[in-house]
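Reader: I should like to learn how the features of a protein model are read. May we go through some of them together?

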Amino acid sequence: MTKIQWEAFTDFRDRFRHQCKLWSKTAETPSSWLSSLQKNAATNDKTPEYPIETPVVYNRSLESITEEDDIKLILTGDNPGKNEQLTKNQQYLVGLSGKLADGFFKKNPDLSIDFRSNVIILNKSPIHTAKTKQLSYLLRHGGDSFNSLFEETQKWMAIETVKLQKELSCPHWIVGYGELKEKGLFSVYATELSKQYEYNTEELVYLFQHFSMNRFSIDLAQQSITGYSLKETLIRLGLTHRKNILHW
């Protein structure tokens, strides 16, 4: 990274870390209400019991990025899952989806992207649930406390991710676009994202399927056209999904 890019990244990282601490304090007062709600959501969805250790998850992998690193991509997922919120991890995309993402880039060296050293991994919200769909339970049963917190996290992530992406001048991949639709779980993120990019069709923003269950690779394979390189196919596919979902 250039000196200016490094300063932009460290400013984002430090403010994101601080913001997650503030959100965590909100979630802990009174009586750790968010973790209780997350546990109930998991139970209601018949998720096997697991320890909820970090209700709001900051991505500690950001701490390992150095000024010498060549950041080629910002990748935004949904929200931290079971593995991501464990105290020993507190990193994004370290479960099966992360392994599939890592494997995709390893199998396609022509993209010249190392998933663990060239990519900044973020989420639409740092609020944990075992499965993304369980956020709907939190919205139904969390009252104003959860709804306000969830909306605030989405807006913050959208605004600050756009700022960072523009400073780094790298593509922004958003994986998992179904809940970006109107009335979707991440519709607030989608609305704020569009505002920040000012509906600019020239921005390097691409929407894709999740890596989970190989949906990303399956979707990509279905769109492959003879004569187009992998990079060209990714751009065409990502822009098609963006237009269909975000309408710009």
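**Reading a buried strand residue and a helix pair**

Author: Let us begin with His-172, which touches Ile-74, Thr-76, Thr-161, Gln-165, Tyr-189, Leu-193, Tyr-197, Leu-204, Val-205 and Tyr-206, leaving aside residues up to four places away in sequence. Please bear in mind that this is a predicted model.

Reader: Where is the place of His-172?

Author: His-172 lies in strand 3, which covers residues 172-175.

Reader: Does one count His-172 as buried or exposed?

Author: A residue is called buried when its relative accessible area is under 20%. His-172 counts as buried because its relative accessibility is 0%. In addition, its side chain is joined to that of Tyr-197 by a polar contact of 3.1 Å.

Reader: How is the packing of two helices described?

Author: Two packed helices are described by the angle between their axes and the distance between those axes. Here, helix 5 (residues 143-168) and helix 6 (residues 187-197) pack at an angle of about 35°, and their axes are 8 Å apart. The crossing of helix 5 and helix 6 is right-handed.

Reader: Which residues meet in this pair of helices?

Author: Among them are Thr-161 and Gln-165 in helix 5, and Tyr-189, Leu-193 and Tyr-197 in helix 6. The residues of this contact divide into 8 nonpolar, 5 polar and 4 charged.

Reader: What can be said of Thr-129, in the loop between strand 2 (119-123) and helix 4 (135-141)?

Author: Thr-129 counts as buried, because its relative accessibility is 2%. Its side chain makes a polar contact of 2.8 Å with the side chain of Asn-79.

Definitions and conventions. Residues are numbered from 1 along each chain as its sequence is written. This is a predicted model: local features need pLDDT of at least 70, side-chain atom pairs count only at pLDDT 80 or more; totals for chains, interfaces and linings use all residues. Side-chain values use heavy atoms; hydrogens and water are left out. Buried means under 20% relative accessible area, exposed over 50%, partly exposed in between (1.4 Å probe, protein chains only). A polar contact is a pair of N or O atoms within 3.5 Å; within protein, one must be able to donate a hydrogen and the other to accept it, and residues adjacent in sequence count only if both atoms are side-chain atoms. Axes are lines fitted to C-alpha atoms, for helices over the stretch in contact, and angles run from 0 to 180 degrees between N-to-C directions. Helices (H or I, at least four residues) and strands (E, at least two) are DSSP runs, numbered from the N terminus. A crossing is left-handed if the near helix is turned anticlockwise from the far one by less than a right angle, and right-handed if clockwise. Contact means heavy atoms within 4.5 Å. Ala, Val, Leu, Ile, Met, Phe, Trp, Tyr, Cys and Pro count as nonpolar, Asp, Glu, Lys and Arg as charged, and the others, Gly among them, as polar.
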